[in-house]
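Work through the following exercises with the sequence and the coordinates open. Each task is followed by a solution in steps.

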Amino acid sequence: MRPVPNPYREIFAAPGAAGFSAAGFLGRMPVAMMSIGVVTMISEITGRYGLAGALAATLALSGAVIGPQVSRLVDLHGQRRVLRPAVLIALTAIAGLLLSAERGWPDWLMFVCAACGGCVPSLGSMIRSRWANIYRGEPRRLHTAYSFESVVDELCFILGPIIAIGLSTTWFPEAGPLVAACFLASGVLWLTAQRATEPTPQPRGDDHSRRSALRSPALRILVTTGVFSGVIFSSVDVVTVAFAEEQGHKSAASLVLATYAAGSCLAGAVFGLMHLTGPPARRWLLGVCAMAASVLPLPFVGGLGWLTGVLFIAGLAIAPTGVTIMSLIQHHVPRARLTEGMTWASTGIATGIALGAFVSGRVVDRAGAEVAYAVPGIAGVAAVALAFLGYRHVVPAQRAETIPPAQGGTDADGQDGGERRENDGREEDGRHSQPVA
């Protein structure tokens, strides 16, 4: 009996794949560590939770604004030329924030440093663009690679807060953000040293090609839906901490939330083993519906035991939906703007995370945790409504992608397969024959 091939082993057979993926894991840890590390640091030093939350929100919103611009430069000039200067700016800003907090310098200076700290590059997008560069034209392997990276994302969000809070509370207050900065520097340097797998820069010579990836209607739908998804994630986090405190077991909140992430991690790992057929747009719509439906019972949970089970089930929809979004972005965004497009998706989620934390915190203060669990449910319903309304913008590209190319490397319209064009107001890069699962 022949052994069943392991898809994960197959994707790492490519030269350099293990190296850049490991560098991406190290460099992505600060995404999960920095905000909570800053909150812990400021609260330990000053006791001012309002200031701590405001600085964390500034970091998140700054990253949402600056991140896509960094990725756009990466598409133009390459990862090595852009990431190293960008991370140097980010590290300088983080160092300024730590010094300002430790020495009691003015609050406005800390906010300036936090705003500049948004120059942290989106390492997840950089890694996924390398996978796309290696397995362009091999949709099953690319599907597995994206699934693996979703698992890595979840591992970061399981381990990162534990490391950051533990360091800042048991060592010294600045330890969490400091170690996160070290992870960032090490990951970026390690990644940019691997030139063989770096995607080739895609210079743009005319005004049309310089347009933002966000001009794609499908990408705008995916990003906006991601905002509501981010509201779900952060509001679940905030309200769960409050709910656990109301139950008299605040310390259990981290374990309950780890179960939420573990559900997503497990689903992502299994999803990567599946060979799926059918349009990715339909899977995306089903995933959004599943995320929304899974959080609707939260206001009715009676204790931490039930809450843990509900959140584990809710987590099962996260990673598969995220993997499908990345596949859809590859369909809708030209290769010359792929990294930027992926970063916009992350930006939408980050914006929603900041918004969800703010709204759910206010609802907790005014009405309690059980009522505040309605916030992720409302966000989920809004995401479903938007997904249905925008579905027509996502589907046509999937149909176009399945058209077989003509002989001689041209597409169905007789154009060169790499040539971008306008089609019903939507830009394409001529990759019609490679549907991505």
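The first exercise starts at a single serine. The model is predicted.

**Exercise 1. Surroundings of S21**

Task: State which helix holds S21, whether S21 is buried or exposed, and which residues S21 is in contact with, leaving aside neighbours within four places in sequence.

Solution.
- Step 1. S21 belongs to helix 2, which covers residues 17-46.
- Step 2. The relative accessible area of S21 is 4%; buried means under 20%, so S21 is buried.
- Step 3. With neighbours within four places left out, the contacts of S21 are F12, I127, W131, F148 and E149.
- Step 4. With one of these residues, E149, there is a polar contact between side chains, at 3.1 Å.

**Exercise 2. Salt bridges**

Task: Find the salt-bridge partner of E149, and say which residues are linked with E149 in a network of salt bridges.

Solution.
- Step 1. Side chains of opposite charge can pair when their charged atoms come close.
- Step 2. The cut-off is a side-chain nitrogen of Lys or Arg within 4 Å of a carboxyl oxygen of Asp or Glu. By this rule the protein has eight salt bridges.
- Step 3. E149 pairs with R28, and the closest N and O atoms are 2.3 Å apart. This pair joins distant parts of the chain, since E149 is in helix 7 and R28 in helix 2, 121 residues apart.
- Step 4. Both partners are buried: E149 has a relative accessible area of 0%, and R28 has 4%.
- Step 5. R128 and D153 also form a salt bridge through their side chains, at 2.7 Å from N to O. R128 lies in helix 6 and D153 in helix 7, 25 residues apart, and this pair too links distant parts of the chain.
- Step 6. R128 is buried, at a relative accessible area of 6%.
- Step 7. The network of salt bridges links R28, R128, E149 and D153.

Task: Classify the two partners of the salt bridge between R141 and E138 as buried, partly exposed or exposed.

Solution.
- Step 1. The side chains of R141 and E138 meet at 3.5 Å, N to O.
- Step 2. R141 has 31% relative accessibility and counts as partly exposed.
- Step 3. E138, with a relative accessible area of 32%, is partly exposed as well.

**Exercise 3. Helix 8**

Task: Compare the span of helix 8 with the expected span, then list its buried residues and name helices that cover them.

Solution.
- Step 1. Helix 8 runs over residues 175-192 and has 18 residues.
- Step 2. From the first C-alpha to the last, helix 8 reaches 26 Å, close to the 26 Å expected at 1.5 Å a residue.
- Step 3. The buried residues of helix 8 are A175, G176, P177, A180, A181, L184, A185, G187, V188, L191 and T192.
- Step 4. The cover over these residues includes helix 2, helix 4 (79-103), helix 6 (123-135) and helix 7 (139-170).

**Exercise 4. A nonpolar patch**

Task: Identify the residues that make the nonpolar surface patch of about 490 Å², and the helices that each supply at least two of them.

Solution.
- Step 1. The patch is made by L266, V270, M274, F312, I313 and L316.
- Step 2. Helix 10 (253-273) and helix 12 (304-315) each supply at least two patch residues.
- Step 3. V270 is located in helix 10. Its relative accessibility is 42%, and V270 therefore counts as partly exposed.

**Exercise 5. Two threonines**

Task: Decide for T92 and for T347 whether each is buried or exposed, and place each in its helix.

Solution.
- Step 1. T92 is in helix 4. At a relative accessible area of 51%, T92 is exposed.
- Step 2. C113 is 21 residues from T92 in sequence, and their C-alpha atoms are 8.4 Å apart.
- Step 3. T347 is in helix 14, residues 338-367. T347 has 7% relative accessibility and counts as buried.
- Step 4. Apart from neighbours within four places in sequence, T347 is in contact with A64 and P68.

**Exercise 6. The whole chain**

Task: Describe the protein by its helices and strands, its buried share, its contacts and its exposed area.

Solution.
- Step 1. There are 16 helices and two strands.
- Step 2. The protein has 437 residues, of which 51% count as buried.
- Step 3. For contacts between residues at least 6 apart in sequence, 82% join residues at least 24 apart.
- Step 4. About 18,600 Å² is exposed, and carbon and sulfur atoms supply 65% of this area.

Terms used:
Residues are numbered from 1 along each chain as its sequence is written. This is a predicted model: local features need pLDDT of at least 70, side-chain atom pairs count only at pLDDT 80 or more; totals for chains, interfaces and linings use all residues. Side-chain values use heavy atoms; hydrogens and water are left out. Patches are made of residues with over 30% relative accessible area and no salt bridge: like charges are joined within 9 Å, nonpolar side chains (Val, Leu, Ile, Met, Phe, Trp, Tyr) within 5 Å. Accessible areas come from the Shrake-Rupley method with a 1.4 Å probe; for residues, only the protein chains shown count as cover. Buried means under 20% relative accessible area, exposed over 50%, partly exposed in between (1.4 Å probe, protein chains only). A polar contact is a pair of N or O atoms within 3.5 Å; within protein, one must be able to donate a hydrogen and the other to accept it, and residues adjacent in sequence count only if both atoms are side-chain atoms. Contact means heavy atoms within 4.5 Å. The expected span of a helix is 1.5 Å times one less than its number of residues.
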